[in-house]
Structures are given as C-alpha cells and as structure tokens.
Amino acid sequence: MAVSRPFLLGLIGVVLLGATFFAVQNARNASSGDSAPTQAAQPAQPQAADSAPQLTPKQQLEAAFKNDDLESASFDAELSFSSQGEKNAIEASGSFEDRGPKEMPVVDIQVRVDVESAGVKLDGGFVTTGDKAWFTRGDTAYAVPQDPWDKIVEARESGQSAQSAAQATPQLNLEPGDWLRKVDAEEGGQVDGVQTTHISADVDAAAAAADLVKEMEGAGQLPFNVPAGIEERAAKTLGDAQLDVWVGKDEIVRRLSFQLDGKAGGGRAVQMDLRFEFSDVNEPQDVSAPSKSVNRLPDGQYGVFASGFLVGLGGAFAMLRPRRSRKASRSG
C-alpha cells in the first residue's frame, strides 16, 4: 500500500499550494533562483562483502517517501497558517487499516477546522467499517444511505473504480528531490517505541511551488490562470522552508514536520506549519460503528459537503490502496 509517498508528499503539496496562492494573489495585485550548488559526491567507502551499501541522507529520505509498506496506523496531524498573532488551523486525527486492493478499508477520521480569518469553525468526521459508513458531528452520526454506499463497495471489489481513478488522476512530472538542499541525518530517538533516523533538509519552496503550479496548469488542474514570471514572484513571496522527517528502520515515516515562512498581501508575514505523526504502524486498528446514528445526511452546509463528498468517494477509496483517504471539511 503506497501510502507514504503520495500521502506525505501530497500534504507538503497542500502547504506549497497554499503558499503559492499568496504568490499568485500578489502577482495579480501587482499587475491590475539560482539553484544551490549540488554537493560534491563523497568518495565511496570500502564495504564489507556481506554488508548493504550505506545510503546518503537524501537517498534515505527518498526511500522513505517511496515506501509501500504502510498498511495501517493511527495518525495525528495539523496544518496551520499564522500571521500577526492570528492562527488558522485544520487538525485531523484517527486511524485507518487497508484490507487489500479490492476490499474497502476501515477508516475513522475526525477533523477540526478553526479559520478565524473566515469565521469558520467546524468539528466533523467520517467513519467506515467497510460495509457501512457515517458522517459524524459531535455526538451524532449520520448514516450514509446504503444504496449508494453499496455501489461504491461493488466498484471497489470489481476494480472498476481503481481504473477510473487512475484515468482521472493527472500525471505530474515532478522530482521532489530536486527541491532539497543541505540534507542531513542523525539519530532521531524513539517515536512510538520505534528507533528512528531524523532526516532534515532545507526546501527550495519557491522552486517547488513554481514547478507544482506549472505542472498542474499543464494538466488542467488549476482554477486560475498562472501569471507570467511565477518563479520570480514565488521567490519574493516564499521564504525559508524546513523539512524534518523521522524514519524507522523499516523505512516507514513515523513523524514529519514542515515549516514555511511567506508573505501575504501587503507584505504581511505568514508562517505555515504542517505536523504529522503515525503511531501503531501496521497494527490492527479499532474502527467500529458509532453507538448511535440517524438515517439521514447532516443538514446545512455540512450536508452539502457530505453529499458532494460522496460523489467522489468511490475514486478516493479506490486509490486508498495506492494512496489514502482524507477529508477537508468546511462549513457551518
């Protein structure tokens, strides 16, 4: 199950896209890098005939993001944007367990949205035991109608939804390793009882954001036109970025943090922070049906979100074997 690479790189992509929004917005307002030298390769050290070759810190990081061995875990995450003492945050926690390419995974995810700048606060979630599913809000669970859910399950079992998802997913020609600078590794101590290696790197956020936006524009995945000179504008808008990853000996990421400084409208400083941690990796997860539920979807904007979410859910879960499931909530 290839959770690590697309999931974690996708989360970093969310941060970079959010940061790039400021660059694009500033470019619109204004108009209506040299890459760091590549470190010289170190001479190879003699290896014993029966010992494995030693990976460089960058190779260790790339190996962790390409790892396909994450089958289940509990997780805790937060994505926040802070400026002038105001913090907007999206927090998520829960657990998942993959059950193979043609069987529905079990998932329990709870999301808390607190966006002061937009006056949005929300606590909600989503639970599925595979054969049934619920949206949750506070102590109430809203059962997903069984007929559409059965169709999602059947599509998963037949493999049809996996084919549709693969066809609908844009192929982005990106090399995240090209954005990394000063990659170092050291002992990371224990995370959830597992000895880790702590890998840190500076990230060329402007180059990453520009590459990501241009690739998504080419794939027709952006809702806006990219202004000319996006690289230069991104460099003026995006500042220092730092990536820290704690990797177990099994090459599975246990903890990740990503910090990025940027500028919003009027040159206002903005700090973006992504934190993510796995626990109970590849252990059975306790995901059970809610104790009480009502046989309808929620009302209001949350209900609108729930209905729209179900439309694309088949493809999202079809990709959970090669990817994973996530919810971005909004409303009231």
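Serine 200 is found in strand S8 of this predicted model. With a relative accessibility of 18%, serine 200 counts as buried, because the cut-off for a buried residue is under 20%. Setting aside residues up to four places away in sequence, serine 200 touches two groups of residues: Lys182, Val183 and Asp184, and also Gln242, Leu243 and Asp244. The strand around serine 200, S8, spans residues 194-203. Strand S7 covers residues 180-191 and strand S9 covers residues 238-248. In the order of the sheet, S8 stands between S7 and S9.

From this one residue it is a short step to the sheet as a whole. The protein holds seven helices and 12 strands. An open sheet of 12 strands runs in the order S7-S8-S9-S10-S11-S1-S2-S3-S4-S5-S6-S12, and its pairing is mixed. Strands of a sheet pair through backbone hydrogen bonds, in either a parallel or an antiparallel sense. The edges are formed by S7 and by S12 (293-294), each of which pairs on one side only. Helix H2, made of residues 57-66, packs on this sheet and touches S7, S8, S9 and S10 (253-263). The direction of H2 makes about 70° with that of S7.

Further along the order, S1 (residues 72-83) and S2 (residues 86-97) are antiparallel partners, joined over 12 bridges. Within this pair, aspartate 76 stands opposite serine 93 in S2. After S2 comes a loop leading to S3 (106-115), and aspartate 98 has its place there. Aspartate 98 counts as buried, at 8% relative accessibility. Its side chain reaches the backbone nitrogen of glycine 100 at 3.3 Å.

Strand S5 offers a good view of how neighbouring strands fit together. Four of the five residues of S5 (residues 133-137) are buried, so this strand is largely enclosed by the rest of the structure. S5 pairs in the antiparallel sense with S4 (residues 120-128) over four bridges, and valine 127 has tryptophan 134 in S5 as its bridge partner. The hairpin of S4 and S5 has four residues between the strands, and glycine 130 in this hairpin takes a positive phi near 100°. S5 also runs antiparallel to S6 (residues 140-143), again through four bridges. Here threonine 136 stands opposite alanine 141 in S6. Two residues lie between the strands in the hairpin of S5 and S6, where glycine 138 has a positive phi near 65°.

Positive phi values also appear beyond the glycines. Most residues other than glycine have a negative phi. Aspartate 280, however, has a positive phi near 50°, and asparagine 282 has one of about 60°. Aspartate 280 sits in the loop between S11 (269-279) and S12, and asparagine 282 belongs to the loop between S11 and S12 as well. Aspartate 280 is partly exposed, with a relative accessible area of 37%, while asparagine 282 counts as partly exposed at 36%.

Alanine 289 is another residue of the loop between S11 and S12. At 43% relative accessibility, alanine 289 is counted as partly exposed. Which residues does alanine 289 contact, leaving aside its neighbours within four places in sequence? They are Thr129 and Trp134. The C-alpha atoms of alanine 289 and threonine 129 are separated by 6.6 Å, although the two residues are 160 residues apart along the chain. Tryptophan 134, the other contact of alanine 289, is the bridge partner of valine 127.

The interior can be described through its nonpolar cores. In the protein, 43% of the 332 residues are buried. The largest nonpolar core has 56 residues, and those with the most contacts inside it are Phe126, Phe135, Trp149, Leu243, Val245, Leu256 and Phe278. Apart from this core lies another, of six residues, including Val106, Val127, Trp134 and Val287. The paired residues Val127 and Trp134 are thus met again in this six-residue core, while Leu243, touched by serine 200, is found in the largest one. On the outside, the accessible surface of the protein comes to about 17,200 Å², and carbon and sulfur atoms account for 48% of it.

Notes
Residues numbered from 1 in each chain as written. Predicted model: local features only at pLDDT ≥ 70, side-chain atom pairs only at ≥ 80, totals over all residues. Heavy atoms only, no water. Pairing = 2+ DSSP bridges. Contact = heavy atoms within 4.5 Å. Axes fitted to C-alpha atoms, helices over the stretch in contact; angles between N-to-C directions. Buried < 20%, exposed > 50% of the residue type's maximum accessible area, 1.4 Å probe, protein only. Areas by Shrake-Rupley, 256 points an atom, 1.4 Å probe, with all protein chains shown as cover. Core = buried A, V, L, I, M, F, W, Y, C linked by side-chain atoms within 4.5 Å. Polar contact = N/O pair within 3.5 Å; in protein donor to acceptor, adjacent residues only side chain to side chain.
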